[in-house]
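Hi,

Here is the structure I promised to pass on. Have a look at it first, and my notes on what turned up follow below.

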Amino acid sequence: TPTTTNNKKRITKLPPSPPKLPVLGNLHQLGLYAHRSLQTLARRHGPLMHLRFGTVPVVVASSAAAAREIMKTHDHNFSGRVESAVAAKLLYDYEDISTAPYGEGWRQRRGVCVVHLLSNRRVQSFRRVREEETAILMKRMRDQRVVDLSESFATLTNDVVCRAALGRKYSELGSNGGRKFNELLLEFMELLGSFNVGDFIPWLRWINIFTGFSVRVDTIAKEFDDFLEEVVDEHTRKLENRASRETEEDREEEEEERFGIITKFEIVFCGQDMFAAGTDTSYTVLEWAMTELLRHPKTMERLRDEARRVGKGEAEINEDDLDEMLYLKAVMKETLRMYPPIPLLVPRKPSRSVEIEGYHVPAGTMTMVNAWAIGRDPGIWEQPEEFMPERFLNDGCKVDFRGQDFELIPFGAGRRGCPGISFAMATNELVLANMVNGFDWSLPEGMRVDELDMGECPGLTIHKKVKLVAVCTPRQLHA
Ligand code: HEM
């Protein structure tokens, strides 16, 4: 009921709620794919809902207008993150960027990462890394012909991030007795995205001990820590060796060119975020883009024609060519609209009580934005379930994903919005352009388009449940 204070109406009514069960609240309604179940609930209860996950009150926004209020109008107030026991263990007690509480520590760490790694200038400086890794991928595809694209994209993004942030690739390194870094990362991401019952129903925390979940988290936290220690040691040794060999000028030049992050402190806190926030997310965009292109041969053809026209018949597309590839940019936007890699973004919480869309949101409420549902909102998008990059051409090309247009927010927005947009998209665009320039693509022999599995893997980042495999035929280049 609205009450009056200082002649100003203060709203105290919470957003509408689906019915709740004792103890569980609304947890039983989430299922494996929370973005989908929350979309269904929002259709019934409205674009701002109040739920309870166990003991934790939650608000879910499912419209562009509500997202704008949270991430623009009240962005400052919503700049806090939500605590999670797993993230605390895996990410050094929130001493990172993405899970850190809003404040001076977060601001400093984010600033360092942007300066060394993510600013436009730094992203430009990694151009050679991207071009070399893309060329390696193209060669591997030419040799293989039947390509596990999911695996190839994961390795590529990981290698680019490692080379930029840590100065070298680690995809072949056996960390801790032979465990490949990629496998370690996979488990790290799986745990980070897993549902931890103890966060929501504290008196059920014992279940994690009973099921072995806590031990797994401890083991991976330790392995990841050991890995980063190895990286730091190697880096320190390299710097010492170089110091004894070269002139000051040589050293500065090489440092500038090869390493995004330079001190031990920076490697530890930026390194973990680059992996947690930067690799899994980036490669799923390529995975879903190629999946949709294989399902839509006409769209694939149009993109291929653009690449070959812009590339002027050369074997490789370079980064200067990308500016002209407007259809490629439309394909990327359409992929991010339908498949935002983190469909519910990263939850925030307001430090003070606030009014959103005419409802009261109490201080500290876990606040989620369903970017996936907004991207498929029929009130915004015509035929939202259809993959149609054309919608982003002509006037549509003004709609962008950088956090100003709330109908398309795969990277979030505002102070806590993703700082890695340029880094991620520079690699994704280059890879996709070269794939369609260098090869014709088809489904494995005998597979029909309608047999392509579109299932999603549950977790924080949504990638394909079944790996994407496709056949490439190298394009004949005429001398
Ligand atoms: C397509 C690829 C990517 C997607 C879809 C993505 C998406 C997101 C989203 C949704 C958030 C939360 C935003 C919010 O709360 O408003 C985020 C935060 C973040 N992302 Fe990305 N990201 C991607 C790539 C990257 C890359 C490549 C890096 C770094 C190498 C990166 C680093 C970060 C960091 C450090 C944060 C935490 C920001 C903060 O809390 O202040 N991301 N990202």
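Helix 6 and helix 18 cross in a right-handed sense. This is a predicted model, by the way, so please read everything here in that light. The axes of helix 6 (residues 127-144) and helix 18 come within 10 Å, and the crossing angle is roughly 35°. On the helix 6 side, the contact is made by Arg130, Glu131, Thr134, Leu137, Met138 and Met141. Helix 18 answers with Ala426, Thr427, Leu430, Val431, Asn434 and Met435. Sorted by class, that contact has seven nonpolar, three polar and two charged residues.

Now for the ligand. Which protein atom is the donor to its iron? That would be SG of Cys418, 2.3 Å away, and the protein provides no other donor to the iron atom. If you want to find Cys418 in the chain, go to the loop that runs between helix 17 (371-375) and helix 18 (421-438).

There are 28 residues around the ligand, and the ones that come nearest are Arg81, Trp106, Arg110, Arg348 and Cys418. Two of these have polar side-chain atoms worth a click: the one on Arg81 sits 2.9 Å from a ligand oxygen, and the one on Trp106 is 2.8 Å from a ligand oxygen. The backbone takes part as well, with a polar atom of Ala413 lying 3.3 Å from an oxygen of the ligand.

As for where the shell comes from, helix 4 (104-118), helix 13 (264-295) and helix 18 each supply at least two residues. Helix 13 gives the most, with six. By class, the shell around the ligand has 17 nonpolar, seven polar and four charged residues.

So helix 18 turns up in both places: it packs against helix 6, and it also supplies residues to the ligand shell.

Over to you!

Definitions and conventions: Residues are numbered from 1 along each chain as its sequence is written. This is a predicted model: local features need pLDDT of at least 70, side-chain atom pairs count only at pLDDT 80 or more; totals for chains, interfaces and linings use all residues. Side-chain values use heavy atoms; hydrogens and water are left out. Donors are N, O and S atoms within 2.8 Å of the metal (3.2 Å for Na, K and Ca); water is not among the atoms, so sites may look incomplete. Helices (H or I, at least four residues) and strands (E, at least two) are DSSP runs, numbered from the N terminus. Axes are lines fitted to C-alpha atoms, for helices over the stretch in contact, and angles run from 0 to 180 degrees between N-to-C directions. A crossing is left-handed if the near helix is turned anticlockwise from the far one by less than a right angle, and right-handed if clockwise. Contact means heavy atoms within 4.5 Å. Ala, Val, Leu, Ile, Met, Phe, Trp, Tyr, Cys and Pro count as nonpolar, Asp, Glu, Lys and Arg as charged, and the others, Gly among them, as polar. A residue is near a molecule or strand if one of its heavy atoms lies within 4 Å of it. A polar contact is a pair of N or O atoms within 3.5 Å; within protein, one must be able to donate a hydrogen and the other to accept it, and residues adjacent in sequence count only if both atoms are side-chain atoms.
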